[in-house]
Amino acid sequence: MKFTLVEKQESRLRSMPDLGIGYLIAECRAAGVNTSLVLGSPTTLQCLRDREAFSLFLKGYSGVVKERGEEWLRWFLDFNYQIATSTSIADKANPEAVADLWELLSFVEKEVWPEWLPRYLISEIESTNPDVVGFSVWDPYGHPEVVRVLQSVVKTLKQDLDIPIIFGGPGVLTPTSRSYVMRLFNPDFIIHHEGERALLGLLDMIETSQIKPLPNLSYPGYDGPVEPIKDLDSLQIPDFSDYDLDSFFPPVRVLPAITSRGCEWSRCAFCSHHNTYSGYHEYSGRRLREIIETYKDKYRTDLIMLQDETMTARRARVLVKELPNAYYYSYAYPKGFDKDLLKRMHAKGFRVLVWGVESGSQRILNLMRKGTNIREVEAIIRNSYEVGITNVAFIMFGFPGETREEAEETVEFLKRNARYIERHAATQFYLAEGSPIWEQPELWGVKKTSHGYSVTSGMGRKEVQKFLKDLNRLRPKTSADTKYYFPGDSELRAYFFVQVVYGEGEGSYPVRTGILLGDEIWPSLLMKNVSRPRVKLSRGDAERYAKCDGRHRVEARDFLPYPYVVFYRRPFFR
């Protein structure tokens, strides 16, 4: 059996490999399935260097090309490809260059991919000679250009290869989304929720031509029940060997991991994330140590982004005992974290905690069923900051029944704690399928409509939008905002994490690679294309740089005269 997985296709920059894909590949290969992976971004950014795609760029940039010539366009595309995949923090921190890259990627998705991407994907898939093809789908309702590309690819594969097509991923968790994906893409099967066991069962049935009902499996006329994987230790360690880990946007390697599946709290009225998994299940400490040590030894990184739905204080007390030392980024539930626990978490390597604050109004927190106390939340965030952990806060405006005055309470909470909160991510409430409010809207004064929902009290949706627009216009000081970051793109949280970890030294940014040419050091391979000058080094400085090989201890303070060009490998945190 030859099985080919196709990653989600998107033009935005990626920060790390897909954890779910890593699990599926590991399970399939352990079961003897010959498995191939067709990568998404950043591999599909190869269009910036593709000859066939160049004609599409010529057409789209015709005005500039007329003024500057085709060679300029070739340089521009290659330069942006290098910015996207560079291993230099200095290059990522060039606002003008990154702004150009963002604009270019938008053009790619709208103007280049509709014609180029289908041919590219079909060629990549057919080169693996598959018996079955699986597509990962994250948002079937967004990115219409990508949707049309996948429709074309699936249609061609069915016509040319006549093989089974499977869809899966976060975009098929609800019955409504599965029905929509069936109509939109016409796959033969859908794997929903935890897919490791269901996928292996389905592949076995396809090989024996004996299709029958199975949990977490859907096909025309059948939508299987959700069945969790309770023994997480029985799962294989995620396999990221198909990825070029140095081609993602952060200049150093960051890997995703998970210590539990499901949400231990699982009562928030607005949330549907608990539907991703059925129930709550944890890894043992022994297995977690095996996973993280494998990441360190095999993939040479100790920057770990935990993707648990959240982390309670009870779970944190277990993890500080069981996890090996590394640097960790995690979501956290702001209740029960005392200062001693936070100190131990920092000593273990926790550097970023994303707190589910949601509101500064106790009444709204009670309506949300958060189970938190706003005064305790403030104390936790302050203590977290004081022990050296960087705080990020999730904030929600427009929860049903929230008045403008209560929304202002949240703003005041942020202003009052701006020193302790590095960043906050503010969202507007939306009615999520599968959430408690979705199931019983009348309990919160919500009425479902053809356009979403309406509320019987508090601010309406348009009033919330106006409130947020006014807030953005006034721009009150609601977070510390001391670290360079790209707001609005969740994929770049890993880049923020890297800055936090590497910013703990003398304020100089270390980068992973450099080129020593005689007595000159180049800050990056892109030096000739950016504004920073090449640095002339003395013999002593050159000797210091020569020690930046990962084997010698190098202090950042030795390089303060050249803060943007610190070439050394930070030793693994053990």
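Q: How far apart are the end C-alpha atoms of helix 15 in this predicted model?
A: Let's start with the expected length: helix 15 covers residues 404-416, which is 13 residues. At 1.5 Å a residue, helix 15 should span 18 Å. The model agrees with that, as the end C-alpha atoms are apart by 18 Å.

Q: Around how wide an arc do the buried residues of helix 15 lie?
A: The buried residues here are E406, A407, T410, V411, F413 and L414. They sit on the same side of helix 15, because around the axis they cover an arc of only 155 degrees.
They pack against several elements, including strand 13 (350-358) and helix 17 (461-474). So the arc asked for is 155 degrees.

Q: Which residue of strand 17 is the bridge partner of K447?
A: Strand 16 (residues 446-449) and strand 17 (residues 452-455) run antiparallel and are joined by four bridges. A hairpin of two residues connects them. In strand 17, the partner of K447 is S454.

Q: How many residues apart are D242 and R29, which meet in a salt bridge?
A: Their side chains come to 2.8 Å, N to O. D242 lies in the loop between strand 7 (222-223) and strand 8 (255-257), while R29 belongs to helix 1 (residues 19-30). The pair thus links distant parts of the chain, and the separation is 213 residues.

Q: Is R314, the salt-bridge partner of E264, buried, partly exposed or exposed?
A: The closest N and O atoms of R314 and E264 are 2.6 Å apart. R314 has 38% relative accessibility. Since partly exposed runs between 20% and 50%, R314 counts as partly exposed.

Terms used:
Residues numbered from 1 in each chain as written. Predicted model: local features only at pLDDT ≥ 70, side-chain atom pairs only at ≥ 80, totals over all residues. Heavy atoms only, no water. Expected span 1.5 Å × (residues − 1). Buried < 20%, exposed > 50% of the residue type's maximum accessible area, 1.4 Å probe, protein only. Arc of directions from axis to C-beta. Contact = heavy atoms within 4.5 Å. Pairing = 2+ DSSP bridges. Salt bridge = Lys/Arg side-chain N within 4 Å of Asp/Glu carboxyl O.
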